[in-house]
Amino acid sequence: MLRFGIDLGGTKIEGAILDASGAVVFRERISTERQHGYEHVVARIATMYASMVKAVDGARHTLGMGTPGSQSPRSGLMRNSNSVQLIGHRLREDVERTIGHALAIENDANCFAMAEALHGAARGRNVVFGVIMGTGCGGGLVLDGVVRTGRTGIAGEWGHQSIDPFGPLCNCGRRGCVETFISGSGLERQYQRVTRTHKSALEIVASAAGAPSDAAAQAVMAWFYEHFGRAFANLINVLDPDAIVIGGGLSNIDALYTRGVDEIAKRVFSDYFDTPVLRNELGDSAGVIGAALIGRE
Ligand SMILES: [Zn+2]
């Protein structure tokens, strides 16, 4: 059976089809055009789906979709999405009605975790935690090849664990969330606070490593790795996963896997620390592949 995956992003909708062996046999991107509102976004998803059905002459398939945010198990309404036009809607039901096929939907971080657990860096591991460190921080939990969303649908939302009640104000309205420290936006805000100048997250990383040395950038990165260590040690103390896979723009910081891991090791509640902290293997493809892997017929 074919597996259809759709990754709904803020600017692009991506579709991919996996064959029975897991190989990608179709891939396409179209713009989301979210400025035209919710109904239009649903219509764009239907356009992508129609193009996928046509590509395989209507062959039998499962269908899954990754979305920013998630549908509340209680109310059935979308929440916690940075694509605000989705909030408050029954996205899954609306897409199913429009296209006439069953749909499974998951938060995009859960799709990332699923893809890396089954086809990426954490292949063959049983308890896998996937982390996205981008503009914000997300996460997803895969146990024995299945995404676990939890009783209230927030399993893996590690980015909104508070690690400092007096810390920076988070987009979620609370203080000192992990996301306010070790996301791209958190890093940029700290650098701005210290230096009164703006640099992008990756520029700050480069400034700290480059010559001539930038003492302010180095101090900010020391702050960053310390919080990275604290956030990951908390996660490991609760879950003790077989592997953690990191995705998102900040996953390209090489020192996360050396200096960052040393900062975790200082803080875990065990006599030793050997948890693999892995860079993702699937890159930008993880979202759409994970969506295909969670599908329903
Ligand atoms: Zn938060």
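Select Lys266 and Glu263 in this predicted model. Their side chains form a salt bridge, 3.0 Å from N to O. Lys266 is exposed, at 59% relative accessibility. Glu263 is buried, at 13%.

Next, pick Arg92 and Glu96. They form a salt bridge with the closest N and O atoms 3.3 Å apart. Both sit in helix H2 (residues 91-99), 4 residues apart, so about one helical turn separates them. Glu96 is buried at 17% relative accessibility, while Arg92 is partly exposed at 27%. Now add Glu93 and Arg296: with Arg92 and Glu96, they are linked in a network of salt bridges. The whole structure holds 14 salt bridges.

Move to Lys199 and Asp214. Here the closest N and O atoms of the salt bridge are 3.6 Å apart. Lys199 is in the loop between H5 and H6, and Asp214 in the loop between H6 and H7, so the pair ties together parts 15 residues apart in sequence. Lys199 is partly exposed, at 22%; Asp214 is buried, at 18%.

Now the interior. Select Met133, Trp158, Ile182, Phe224, Phe232, Ile246 and Leu256: these have the most contacts inside the largest nonpolar core, which has 38 residues. Elements giving two or more residues to this core include strand E8 (127-133), helix H4 (179-182) and strand E11 (243-247). Colour H7 too: its 12 residues are the largest share of the core.

Finish on the surface. Asp144, Asp240, Asp242 and Asp274 form a negative patch. Asp274 lies in the loop between helix H8 (259-265) and strand E12 (277-279). At 55% relative accessibility, Asp274 is exposed.

Key:
Residues are numbered from 1 along each chain as its sequence is written. This is a predicted model: local features need pLDDT of at least 70, side-chain atom pairs count only at pLDDT 80 or more; totals for chains, interfaces and linings use all residues. Side-chain values use heavy atoms; hydrogens and water are left out. Patches are made of residues with over 30% relative accessible area and no salt bridge: like charges are joined within 9 Å, nonpolar side chains (Val, Leu, Ile, Met, Phe, Trp, Tyr) within 5 Å. Accessible areas come from the Shrake-Rupley method with a 1.4 Å probe; for residues, only the protein chains shown count as cover. A salt bridge is a side-chain nitrogen of Lys or Arg within 4 Å of a carboxyl oxygen of Asp or Glu. Lys and Arg count as positive and Asp and Glu as negative; His and the chain ends are not counted. The place of a charge is taken as NZ of Lys, CZ of Arg, CG of Asp or CD of Glu. Buried means under 20% relative accessible area, exposed over 50%, partly exposed in between (1.4 Å probe, protein chains only). A nonpolar core is a set of buried Ala, Val, Leu, Ile, Met, Phe, Trp, Tyr and Cys residues joined through side-chain atoms within 4.5 Å.
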